Amino acid sequence: MDVIIRGTADEAVELTAAIIADAINAKPEFTLGLATGKTMEQVYAKLADLNKAGKVDFSRVSTFNLDEYIGLAPEDKNSYRYYMNYHLFSRVNIDMKNTHLPDGMAKDEVAEGERYEKAIAAAGGIDLQLLGIGCDGHIGFNEPLSSLTSLTGAKVLTPNTLEVNGVYFNPPSSMPKRAFTMGVGTIMAARRTVMLITGKVKAEIAKKAIEGPVSAMVTASALQYHQNAVVILDEAAASLLEMKDYCRMLWENDPKWKKFHR
Ligand code: GLP
């Protein structure tokens, strides 16, 4: 796992967007896995800027989001479909019919999980999966105790997630208690994963995910088994890492990161 530390959240965001743009430029018919949450808003703003400046083209890109709340329709302001349309899809030259999220209104939940897996496979698999991390270590909505080989399906959210994400709902208690999510196995099947972690509030969970034992209690730790995973952190999120000095050496000395040096 390549762990890259940048000074500020802005620099971490900029590097994340640059990696995505570079990957799309190398393979224009690209299948991109997307994430939601506050952290990603800046990444999408940056990608929209790059698109506007003609530095990345989304016209042949297909996207698959990690997750969607069960019971929320696309037009609901709290749905991840609404979030994606607002923060990214309406701001870049993507063909909306190539944008995919699980259907939060699907009646048959098992069939919806299978449909999503098939759609990912039909698109040739995910080339790069963008990831954030929840304060409880979740990737997508793979809460603690999730199987580390799971595929897309419905998940019950933890009290911690209900508390953290509940602030976006009015009242917070109206937040759905369940969501569809790609499984950890789905995420692990992506050819490449890029995780972005910023802010002091994530320092403890970042340490557990990156340096702790691989455990279903912190599903992000499964990425330690991924062959092409990078985690990008700002100094605040990296503050508790034991391997900080080595991470800095890696950024300075691994030739593959040279082209991203500014
Ligand atoms: C939600 C999403 C996750 C995301 C997390 C972090 O729970 N399901 O995919 O990683 O939010 O969000 P934030 O960036 O707001 O901390």
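**Exercise 1. A pair across two strands**

Which residue in S5 does Phe64 stand opposite?

Solution. This is a predicted model, so read each step as a statement about the prediction.
Step 1. Find the two strands: S3 and S5 are joined by two bridges. They run parallel.
Step 2. Find the partner: Phe64 stands opposite His100 in S5.
Step 3. Look for a second neighbour of Phe64: Gly33 stands opposite this residue of S3.

**Exercise 2. The order of the sheet**

Give the order of the strands in the open sheet, and say which strands stand at its edges.

Solution.
Step 1. Read the order: S1-S10-S9-S6-S2-S3-S5. That makes seven strands, with parallel pairing.
Step 2. Go to the ends: strand S1 (2–6) and strand S5 (99–100) are the edge strands.
Step 3. Give the reason: each has a single partner strand, so one side of each lacks a neighbour in the sheet.

**Exercise 3. Following the bridges**

Work from S9 to S3 and name a residue pair at each step.

Solution.
Step 1. Start with strand S9 (residues 193–197): three bridges join it to strand S6 (residues 128–131), and the two run parallel. Met195 in S9 is the bridge partner of Leu131.
Step 2. Move on to S2: it pairs with S6 over two bridges, in the parallel sense. Here Leu32 stands opposite Leu128 in S6.
Step 3. Reach strand S3 (residues 62–65): four bridges join it to S2, again with parallel strands. Leu34 stands opposite Asn65 in S3.
Step 4. Trace the link between S2 and S3: helix H2 (residues 38–52) joins them in a right-handed β-α-β unit.

**Exercise 4. Two faces of a strand**

Are the residues on the two faces of strand S2 (residues 31–34) buried or exposed? Repeat the task for S3.

Solution.
Step 1. Recall the rule: in a regular strand, side chains alternate between the two sheet faces.
Step 2. Sort S2: Thr31 and Gly33 lie on one side, Leu32 and Leu34 on the other.
Step 3. Check cover: all four of these S2 residues are buried, and both faces are covered.
Step 4. Sort S3: Ser62 and Phe64 point one way, while Thr63 and Asn65 point the other way. All of them are buried.

**Exercise 5. Around the ligand**

How many residues surround the ligand, and which are the closest?

Solution.
Step 1. Count: 14 residues surround the ligand.
Step 2. Name the closest: Lys38, Thr39, Asp67, His138 and Lys202.
Step 3. Look at Thr39: a polar atom of its side chain lies 2.4 Å from an oxygen atom of the ligand.
Step 4. Look at Lys202: an N or O atom in its side chain is 2.7 Å from an oxygen atom of the ligand.
Step 5. Look at Gly140: a polar backbone atom of this residue is 3.3 Å from a nitrogen atom of the ligand.
Step 6. Find the cover: alone, the ligand exposes 390 Å², and the protein buries 91% of that.

**Exercise 6. Asp2 and its contacts**

Is Asp2 buried or exposed? List its side-chain contacts.

Solution.
Step 1. Place Asp2: it is in strand S1.
Step 2. Classify Asp2: its relative accessibility is 14%, so it counts as buried. The cut-off is under 20%.
Step 3. List the contacts: the side chains of Asp2 and Lys256 are joined by a polar contact of 2.8 Å. The side chain of Asp2 also makes a polar contact of 3.0 Å with the side chain of Trp257.

**Exercise 7. Three loop residues**

Describe Ala222, Leu145 and Pro171.

Solution.
Step 1. Ala222 is in the loop between helix H7 (203–211) and strand S10 (229–234). Its relative accessibility is 4%, so it counts as buried. Its C-alpha atom is separated by 7.9 Å from that of Met188, 34 residues apart along the chain.
Step 2. Leu145 lies in the loop between S6 and strand S7 (153–156). Leu145 is not a glycine, yet its phi is positive, at about 85°. At 69% relative accessibility, Leu145 counts as exposed.
Step 3. Pro171 is in the loop between helix H5 (159–166) and strand S8 (178–181). The peptide bond from Asn170 to Pro171 is cis, with omega near -5°.

**Exercise 8. Cysteines**

How many disulfides does the structure hold?

Solution.
Step 1. Count: zero.
Step 2. Compare two cysteines: Cys135 is partly exposed, at 32% relative accessible area, whereas Cys247 is buried, at 4%.

Notes: Residues numbered from 1 in each chain as written. Predicted model: local features only at pLDDT ≥ 70, side-chain atom pairs only at ≥ 80, totals over all residues. Heavy atoms only, no water. Disulfide = S-S within 2.5 Å. Buried < 20%, exposed > 50% of the residue type's maximum accessible area, 1.4 Å probe, protein only. Pairing = 2+ DSSP bridges. Right-handed = clockwise from strand over helix to strand, strands pointing away. Near = heavy atom within 4 Å. Polar contact = N/O pair within 3.5 Å; in protein donor to acceptor, adjacent residues only side chain to side chain. Areas by Shrake-Rupley, 256 points an atom, 1.4 Å probe, with all protein chains shown as cover.
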